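Trainee: Before we discuss particular residues, may I ask how the terms applied to this model are justified?

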Amino acid sequence: MTDEEKKIQLRNYKMFATGLFVLMAVIFVVMTILEKKNPAHWIGYIRAFSEAAMVGALADWFAVTALFHYPLGIRIPHTNLIENSKERIGDNLGNFVVENFLSPQNIRPYIQKLKISSFVGDWLSKERNQENLMKELSNIVLDILNKLDDTEVVNFIGKKAKEMTDDVKINEIIGNGLDYVLDKNDHQRFITNLSKQIKEYVLNNQKMVKERVKSESFFLIPKFVDDGIAEKITKGLSNYFEEVELDENHSLRAEITQKLYDFSKEIQTEEKWVEEFRSIKNDFLKEEKIQQYSTDIWNSIKKSLSKELEEEQSALKNYLRKNLAELSENLKTDEVFQNKIDHWIRVTAYKYILKNTHQFGALISSTVGNWEGKELSEKLELEVGKDLQFIRVNGTIVGGFVGLIIYTVTEFFIK
């Protein structure tokens with residue numbers, strides 16, 4: 001029911017209770033007049049009933065009215081109780097709710113019945129709900145992205161990048177990276193490829209080798225001798241590097257590997273390399289460069305994320321759809337997963353409610369206390385005033401019967 005409908009209902013019940021009082025008053029007046037002209041005994045009984053009924057009606061009218069208003073506007077002590085005691089009512093109501101509804105023994109049975117996982121699983125299984133959820137999440141993230149101050153974000157990224165790189169020891173990173181490659185033996189492919197390239201280079205440049213041999217030879221040595229020497233050099237080098245290429249256990253490979261290990265250790269331990277890499281890092285991470293890197297990073301992230309969130313069939317949204325579908329299926333079918341989720345929700349809800357029971361009480365107390373006294377009286381009267389009018393009706397009827405009983409006893413046993 002709306003407030004207006006409640007007001008109409010309350011007014012009708014008030015009129016009924018008041019009408020009953022007026023009826024008793026009319027009967028009392030009529031019976032009083034008749035009694036003076038007619039000595040019939042039944043008139044006295046009706047007069048006694050109506051008289052007592054009026055007293056009961058007036059008494060209960062005063063009691064009911066005193067809860068919400070000053071009777072007849074007269075400021076009688078201990079009347080208009082709701083308005084004058086709203087702070088105490090708020091405190092008592094808050095304490096009542098906390099003690100009787102939010103106590104551990106009362107909330108535990110309800111908490112233990114919670115099964116959120118299956119409900120969420122069913123809800124997520126509907127494609128429309130998935131789309132609505134993604135749409136709302138996308139709108140929220142897009143709104144956050146658009147409201148972010150780009151300058152502040154760039155400065156934040158730059159500051160964090162500077163803090164992260166201050167303690168970074170590039171020489172150790174490179175040395176450890178080299179050790180990792182060597183330990184996995186991945187460098188062997190590089191040696192194989194390099195050997196092949198050197199072999200092919202030597203074979204493809206025999207003419208150059210001959211010319212170099214001739215230029216370094218004595219003028220008395222015949223040309224065929226120089227050509228023979230050049231051919232042997234070319235063939236020897238190409239055969240050697242072919243051996244390295246084909247033989248995984250070639251001694252040169254082991255020698256290169258050891259040299260690389262030594263170089264890795266040198267990079268990590270010697271001060272000259274520490275200073276060299278620090279210099280490279282400081283040159284690479286100058287203030288203006290960091291600012292530019294941060295700007296580029298943020299612009300790229302913002303642009304990519306905005307595009308992914310705006311497009312209906314983007315990779316990000318398709319990934320989310322797939323995971324939401326999997327989550328929904330797990331929530332509906334995986335009992336172990338369901339129990340974990342429900343247990344976590346129950347424990348969290350139980351702890352949160354118990355931890356904040358005083359805040360629930362304070363909320364009720366402050367809400368009631370902040371209401372205007374007249375407003376509070378009107379709210380409560382709208383809710384319970386209709387039932388209170390029956391007190392007036394009952395008071396009228398019960399009062400009449402009590403008066404009738406007293407009159408009867410007086411007539412038969414006292415006179």
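Mentor: Let us begin with a definition: a helix is a DSSP run of H or I covering at least four residues, and helices are numbered from the N terminus. The model is predicted. Val22 is found in helix H1.

Trainee: Why is Val22 called partly exposed?

Mentor: Buried means under 20% relative accessible area and exposed means over 50%. The relative accessibility of Val22 is 43%, so Val22 counts as partly exposed.

Trainee: What makes Val22, Val26, Val30, Leu34, Trp42 and Ile46 a nonpolar patch?

Mentor: Patch residues must have over 30% relative accessible area and no salt bridge, and nonpolar side chains are joined within 5 Å. Val22, at 43%, is therefore above that area cut-off. Together the six residues named have about 480 Å² of accessible area.

Trainee: Which helices supply the nonpolar patch with at least two residues each?

Mentor: They are helix H1 (3-37) and H2. H1 gives the most, with four residues.

Trainee: Why is the pair of Tyr45 and Tyr407 called edge-to-face?

Mentor: Ring centres must lie within 6.5 Å, and planes over 60 degrees apart count as edge-to-face. A search of the whole structure finds four aromatic pairs. One of them joins Tyr45 and Tyr407, at 5.1 Å centre to centre and 85° between the planes, so both conditions are met. This pair links distant parts of the chain, with Tyr45 in helix H2 (residues 41-68) and Tyr407 in helix H19 (residues 373-414), 362 residues apart.

Trainee: Are these two tyrosines buried, partly exposed or exposed?

Mentor: Tyr45 has a relative accessible area of 22%, and because the buried class ends under 20%, Tyr45 is partly exposed. Tyr407, at 23%, likewise counts as partly exposed.

Trainee: What makes Phe49 and Phe401 an edge-to-face pair?

Mentor: Their rings are 5.3 Å apart centre to centre, with 85° between the planes; the pair is therefore within the 6.5 Å limit and over the 60 degrees required. Phe49 lies in helix H2 and Phe401 in helix H19, so the pair ties together parts that are 352 residues apart in sequence. Phe401 has a relative accessible area of 45% and is partly exposed.

Trainee: How many helices and strands does the chain have?

Mentor: There are 19 helices and zero strands. Of the 415 residues of the chain, 27% count as buried.

Trainee: Among contacts between residues at least 6 apart in sequence, what percentage join residues at least 24 apart?

Mentor: The value is 71%.

Note on methods: Residues are numbered from 1 along each chain as its sequence is written. This is a predicted model: local features need pLDDT of at least 70, side-chain atom pairs count only at pLDDT 80 or more; totals for chains, interfaces and linings use all residues. Side-chain values use heavy atoms; hydrogens and water are left out. Buried means under 20% relative accessible area, exposed over 50%, partly exposed in between (1.4 Å probe, protein chains only). Contact means heavy atoms within 4.5 Å. Rings of Phe, Tyr and Trp (its six-membered ring) pair if their centres lie within 6.5 Å; planes under 30 degrees apart count as stacked, over 60 as edge-to-face and the rest as tilted. Patches are made of residues with over 30% relative accessible area and no salt bridge: like charges are joined within 9 Å, nonpolar side chains (Val, Leu, Ile, Met, Phe, Trp, Tyr) within 5 Å. Accessible areas come from the Shrake-Rupley method with a 1.4 Å probe; for residues, only the protein chains shown count as cover. A salt bridge is a side-chain nitrogen of Lys or Arg within 4 Å of a carboxyl oxygen of Asp or Glu.
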